2 protein chains.
Amino acid sequence: MSGNDLLATLSNTGIAKQLGLPTVPALRRHRPGDPLLAGPVLVASAGDGRFAGPVAAFVREHGQQVIAEAGEEKLHGVVVDLTGARTLADLAAAQQILTPAVKRVGPSGRVLLIGAEPAEAPGAEAAAVAQALDGLVRSIGKELRFGATANLLVVAAGAPPAAVDSSLRFFLSARSAYVDGQVVRVSEPVGTPQEPAEVDDPRAEERPLAGRIAVVTGAARGIGAAVAETLARDGASIVAVDVPAAGEGLARTANRTGGTALQLDITAADAADRLLTHLTERHGGVDLVVHNAGITRDKLLANMTADRWDSVLAVNLGAQLAINEALLAAGSPLHDAGRVVCVSSQSGIAGNRGQTNYAASKAGVIGMVRAFAPRFAERGATINAVAPGFIETEMTGKMPIGTREAGRRVNSLKQGGLPVDVAEAIGWLGRAESGGLNGQVVRVCGQSMLGA
Amino acid sequence: MSGNDLLATLSNTGIAKQLGLPTVPALRRHRPGDPLLAGPVLVASAGDGRFAGPVAAFVREHGQQVIAEAGEEKLHGVVVDLTGARTLADLAAAQQILTPAVKRVGPSGRVLLIGAEPAEAPGAEAAAVAQALDGLVRSIGKELRFGATANLLVVAAGAPPAAVDSSLRFFLSARSAYVDGQVVRVSEPVGTPQEPAEVDDPRAEERPLAGRIAVVTGAARGIGAAVAETLARDGASIVAVDVPAAGEGLARTANRTGGTALQLDITAADAADRLLTHLTERHGGVDLVVHNAGITRDKLLANMTADRWDSVLAVNLGAQLAINEALLAAGSPLHDAGRVVCVSSQSGIAGNRGQTNYAASKAGVIGMVRAFAPRFAERGATINAVAPGFIETEMTGKMPIGTREAGRRVNSLKQGGLPVDVAEAIGWLGRAESGGLNGQVVRVCGQSMLGA
């Protein structure tokens with residue numbers, strides 16, 4: 001039992017309260033076969049938006065009631081379409097919708113705002129209103145309790161309603177358990193439009209990555225192993241990659257996922273070549289590349305050595321750059337609707353004491369993703385990043401207890417995330433239907449208080 | 001004596017250590033007549049940048065020695081030009097420069113990185129390196145001690161070296177005491193190029209706002225009063241604005257600054273008209289408009305009333321929108337090189353529990369500033385925002401002691417800021433030479449750990 005599970009158990013038994021410990025809400029997580037939505041969803045709009053209809057249809061298709069106005073019933077979710085909100089009066093109308101609704105949101109419930117892109121707003125007031133949703137949703141995230149989350153989808157004017165479909169599936173379901181207080185931008189999908197999975201085919205709903213080949217670096221243990229297992233659960237064929245020294249863990253991941261293993265030092269000069277040749281020859285290509293491998297070599301900058309700096313930058317950033325360039329080159333094995341997901345970190349956003357090398361590498365990943373996004377789009381592919389906060393792994397398990405407990409608690413969900421939470425976010429970005437998500441950085445941090 | 005001063009005193013006398021309290025570094029702040037730079041400055045570059053020469057000249061013009069390589073001497077500052085850094089090797093070179101240098105940075109010292117705009121980078125590696133500086137500088141800020149700060153200027157390719165001049169004056173001097181861990185973008189200056197003040201004229205150096213008319217809303221007390229006093233100290237003629245009910249404080253501010261007072265409810269339908277007519281008729285125009293007036297009406301969203309929502313949005317956002325639109329209209333009294341500075345808040349970036357209304361309004365200010373920036377630029381003017389973190393005011397003085405102490409301590413400088421710190425940032429953005437700063441949001445928060 002992890003420390004976090006222990007705290008959750010103590011909370012649930014009431015012992016935590018007696019000890020004066022704050023209670024840790026149990027987060028609902030996705031289990032195959034569970035319905036996507038756990039109860040009725042309030043769907044409303046303020047201003048002249050275009051998403052309330054499609055969202056209501058989505059909720060009904062998933063077997064749940066659509067509520068137009070908050071009453072006495074508990075709600076699984078609240079979705080407010082504010083893409084048409086242009087005035088302070090529209091914003092006030094949103095508050096009037098939200099105030100009675102947030103009271104009714106149940107445990108692990110979902111508040112999802114859909115807003116317009118401030119940079120596309122028809123005037124300063126509309127831009128202010130669109131940006132106001134950012135402060136609003138982050139405040140709601142900090143107010144919700146019992147594992148409920150609040151997130152904002154910012155949708156470009158050119159994006160059709162279907163572009164948000166995969167994001168509705170993610171943010172309204174238990175798959176997004178540890179993604180909270182986030183703002184994600186949806187644009188016109190790249191490449192050929194992808195049909196969403198038919199909801200009357202339960203296999204499609206449970207296996208959204210069926211038929212897709214996914215390579216995961218650093219797959220021998222920790223987050224990488226969880227990513228491989230989660231993507232396999234969702235139907236992907238796994239190519240698990242790690243250094244030869246981690247061969248045992250790597251074989252375990254390959255076995256568990258029914259996939260194959262490739263021992264490779266991704267910092268070697270010929271690594272990108274070897275990886276892509278392997279994917280071409282053994283698998284006939286690749287659909288999803290997850291750059292998860294990463295290392296830390298913490299030291300204050302005043303005491304930093306070239307070796308610690310260089311090794312962290314080489315693994316965490318240099319290898320990703322080389323492989324991504326190769327994926328864009330002529331003859332690349334990357335299939336249509338290819339997806340690249342890079343693992344960044346909260347440290348790359350907020351910085352961290354003792355981690356100048358790590359933070360620089362993880363901020364670098366963000367710069368890389370944004371720079372590559374239009375180039376992948378030209379090929380009908382996307383590249384995005386996830387930025388984990390405090391995730392319960394072997395690594396964080398070795399932290400001093402004070403640092404660990406603080407790390408776990410300084411977020412809106414009052415607990416660390418699990419590796420599967422990062423994996424679920426990667427799975428969402430990895431879906432063929434997620435072509436509207438490109439160049440994004442999604443934090444998986446339970447709305448950590450730490451930021452830039 | 002404020003609680004913060006008390007802690008600083010306790011620290012300095014060694015009593016804090018005996019009591020087990022963490023020490024609070026005393027921050028050097030600007031006093032008229034003090035030299036801009038308090039000691040030698042290390043100036044270096046990694047990659048083929050264009051700022052090392054001009055920065056070295058700037059340091060020498062201000063009477064200080066330029067150091068090329070860290071030795072045994074204490075440094076006032078470290079400036080590393082990374083605008084030409086394009087490769088991981090360049091980034092490693094930056095680490096090799098910084099590691100010995102940060103050890104030598106003295107109390108209230110300054111680390112300033114100058115980087116290129118990631119979006120303008122010639123490739124993914126260069127974009128990654130440019131963004132890596134963001135994670136690097138925020139980590140350095142979290143490692144520095146004794147009131148030293150680290151900030152990053154991101155300079156657009158089109159900006160000439162002189163465009164960073166006013167930002168060097170700010171970030172290398174004591175005026176930026178409480179601005180830490182920030183990333184500020186400098187672009188090609190708007191309007192007619194403004195000559196920087198001649199450094200051999202001490203009056204010009206001390207009175208950079210001489211001859212400029214500045215209107216400050218919410219000027220009766222707190223941050224607004226400090227803004228008026230600081231701008232007056234720097235040579236501006238003050239028009240102090242506040243509601244009639246605050247008339248006494250307003251008169252005090254006007255007297256202290258040798259300025260004039262205007263009693264005005266900025267949320268009145270004719271407020272923008274009345275203000276601009278007043279500025280035209282009594283002062284012949286205006287150079288600097290500081291939108292400081294703001295209110296809080298905290299309540300959880302679940303218990304929010306329309307009145308609390310509407311009043312906060314009206315004062316904090318609606319009034320700014322109306323006045324700014326009027327400033328852009330034909331016949332506006334805004335002079336050439338006009339400057340608008342809007343007060344946002346950390347809550348508008350990170351959100352805050354109990355402040356959905358306030359956070360929405362302050363995020364809205366950010367959206368408004370970005371939307372207005374190109375329109376003000378067309379007139380040769382700029383609009384920017386400052387976002388204060390925990391500032392010691394009458395308002396924060398009334399917080400429960402636990403909240404207050406926590407608020408003071410969760411930042412890299414381990415203390416709350418002073419109203420003058422916000423005022424100094426506004427003065428910097430308000431200078432005629434700051435035309436390269438437009439649409440920016442600068443936090444004045446001591447590198448608060450709280451963010452998005």
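By what turn, and with what shift along the axis, can chain B be laid on chain A? In this predicted model, a turn of 180 degrees and a shift of 0.0 Å along the axis do the job, with an RMSD of 0.0 Å. That is the relation of a two-fold axis. If you want a spot to start looking in chain B, try B:Gly451: its C-alpha is the one nearest the axis, 1.9 Å from it. The two copies also use the same surface to meet, as 100% of the contact residues of chain B recur in chain A.

Now for a stretch of chain A that carries a label. UniProt, in an unreviewed entry, lists residues 212-394 of chain A as "domain: Ketoreductase". That span is 48% helix and 21% strand. Its end C-alpha atoms lie 29 Å apart.

Next, a walk along helix 8 of chain B, which covers residues 222-233. How far apart are its end C-alpha atoms, and what span should its 12 residues have? The ends are 17 Å apart, while 1.5 Å a residue gives an expected 16 Å, so the two agree.

This helix is mostly covered, with nine of its 12 residues buried. Among them are B:Ile223, B:Val227 and B:Leu231, along with the alanines B:Ala225, B:Ala226, B:Ala228 and B:Ala232. B:Gly224 and B:Thr230 are buried too. In general, an α-helix has 3.6 residues a turn, so residues three or four places apart point the same way.

So what does the covering? Both strands and helices of chain B take part: the cover includes strand 7 (213-217), strand 8 (237-242) and strand 10 (286-291), plus helix 9 (247-257) and helix 16 (419-430). Once helix 8 of chain B is over, B:Gly235 follows, and its phi is positive, near 105 degrees.

Last, the cysteines. How many disulfides turn up in a search of the whole structure? The count is zero over all chains. Two cysteines of chain A show how this looks up close; a disulfide would need their sulfur atoms within 2.5 Å.

| Cysteine | Nearest cysteine sulfur | Distance |
|---|---|---|
| A:Cys342 | A:Cys445 | 18 Å |
| A:Cys445 | A:Cys342 | 18 Å |

Are these two buried or exposed? A:Cys342 has 0% relative accessibility, so it counts as buried. A:Cys445 has 2% relative accessibility and therefore counts as buried as well. The cut-off behind both calls is under 20% relative accessible area.

Note on methods:
Residues are numbered from 1 along each chain as its sequence is written. Chains are lettered from A and ligands numbered from 1 in the order in which they are written. This is a predicted model: local features need pLDDT of at least 70, side-chain atom pairs count only at pLDDT 80 or more; totals for chains, interfaces and linings use all residues. Side-chain values use heavy atoms; hydrogens and water are left out. UniProt positions are given in the numbering used here, feature names are shortened, and annotations may be inferred rather than shown by experiment. Helices (H or I, at least four residues) and strands (E, at least two) are DSSP runs, numbered from the N terminus. Buried means under 20% relative accessible area, exposed over 50%, partly exposed in between (1.4 Å probe, protein chains only). Copies are superposed by least squares on the C-alpha atoms of residues with pLDDT of at least 70 in both. Contact means heavy atoms within 4.5 Å. The expected span of a helix is 1.5 Å times one less than its number of residues.
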